[in-house]
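The exercises below ask you to work through a structure step by step, keeping the sequence and the coordinates side by side. Try each task before reading its solution.

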Amino acid sequence: YRPLPGEEIETFRAVAPVSKLSKLVSLRGDWAHGDFVRNIRFSNIAFCHSDATQIDGRPANAPAETVQHQAASGSDGLIALTGAHNVVFDGCRFAHTGNYAMRFGSGCMSNKVVNSTFADLGAGAVWMGADYRYEDRISEIPRKVLYPNSPEATAYNLISNNVISQTGRFNPEGVGIILTNPKFADVRSLE
């Protein structure tokens, strides 16, 4: 890019969203085989601008028809983690997302999201819980018991001292934070 007259390259800000880009970061450990993504820290980074796409095999972003669709369950995360241990997001900014800002799936333990801001979100800020596939839309939802230290469990995670605003911009079913069967989650000091 060449600056136009009156612009300076040092202060220029470019935003070039790509259609169908719903994830900026994907951390995927293999919890079933004990191979986890571990000990990563993101500090003072802005994660912004993504499209709204659905997770393969999940309901599309649409008004709820049954309990399986609640809280925009088919929405992906700008940051998606599976099988991640001790991953920290500190002082980060998440904005202008098409879906959830963060999605913690199966096998995520001892992670932290602290001192961060979330704004202008397509669905919500944080979805946290082990992944499940539902068999049908009418019968009872199958329940699976996960013990806190099982490899698949989502447990011992902290969400603290964050500011969340303007959720549900694209998918109004999205919520600020949703916890779906995590063990010993610590959520506190949120605005």
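## Exercise 1: A salt bridge between separated segments

In this predicted model, Asp-76 and Lys-23 form a salt bridge in which the closest N and O atoms are 3.8 Å apart. Determine which parts of the chain the pair ties together, and whether Asp-76 is buried or exposed.

**Solution.** Begin with the positions: Asp-76 lies in the loop between strand E3 (46-48) and E4, whereas Lys-23 belongs to the segment before E1, so the salt bridge ties together parts that are 53 residues apart in sequence. Next, consider the surroundings of each partner. Asp-76 has a relative accessible area of 8% and is therefore buried, since the cut-off for burial is under 20%. Lys-23, at 31% relative accessibility, counts as partly exposed.

## Exercise 2: Two further salt bridges

A search of the whole structure finds 4 salt bridges. Take the one between Arg-41 and Asp-90 and the one between Arg-188 and Asp-186, and describe where the side chains stand with respect to the surface.

**Solution.** The side chains of Arg-41 and Asp-90 meet at 2.9 Å, N to O. This pair links distant parts of the chain, with Arg-41 in strand E2 and Asp-90 in strand E5, 49 residues apart. Arg-41 is exposed, having a relative accessible area of 53%, while Asp-90 counts as buried at 18% relative accessibility.

Turning to Arg-188 and Asp-186, their closest N and O atoms are 2.8 Å apart. Arg-188 is partly exposed at 43% relative accessibility, and Asp-186 is likewise partly exposed, with a relative accessible area of 30%.

## Exercise 3: The nonpolar cores

Identify which residues touch the most other members of the largest nonpolar core, and state which elements give two or more residues to this core.

**Solution.** The largest nonpolar core holds 25 residues, and those touching the most other members are Phe-47, Leu-81, Phe-89, Phe-94, Met-102 and Phe-118. The elements that give two or more residues to this core are strands E1 (25-28), E2 (37-43), E4 (77-82), E5 (84-90), E7 (100-104), E9 (117-121), E10 (126-128) and E11 (158-165).

Phe-118 can then be followed individually: once its neighbours within four places in sequence are left aside, its contacts include Phe-94, Ala-101, Met-102, Val-113, Ala-125 and Val-126, and also Asn-162, Val-163, Ile-164 and Ser-165. A second, separate core has 6 residues, among them Ala-72, Tyr-100, Ala-123 and Trp-127. As a general background to such an exercise, nonpolar side chains in soluble globular proteins tend to be buried together.

## Exercise 4: Cysteines and the chain as a whole

How many disulfides does a search of the whole structure find, and how many helices and strands are there in the protein chain?

**Solution.** For the cysteines, the search of the whole structure finds 0 disulfides. Cys-48 counts as buried at 15% relative accessibility, and Cys-108 is buried as well, at 0%.

For the secondary structure, the protein chain contains 0 helices and 13 strands. Contacts can be examined next: among those with a separation of 6 or more, 76% are between residues 24 or more positions apart. Finally, for the surface, buried residues make up 45% of the 191 residues in the chain, and the chain exposes about 10400 Å², of which carbon and sulfur atoms supply 51%.

Notes
Residues numbered from 1 in each chain as written. Predicted model: local features only at pLDDT ≥ 70, side-chain atom pairs only at ≥ 80, totals over all residues. Heavy atoms only, no water. Core = buried A, V, L, I, M, F, W, Y, C linked by side-chain atoms within 4.5 Å. Buried < 20%, exposed > 50% of the residue type's maximum accessible area, 1.4 Å probe, protein only. Helix = DSSP H or I, 4+ residues; strand = E, 2+ residues; numbered from the N terminus. Contact = heavy atoms within 4.5 Å. Disulfide = S-S within 2.5 Å. Areas by Shrake-Rupley, 256 points an atom, 1.4 Å probe, with all protein chains shown as cover.
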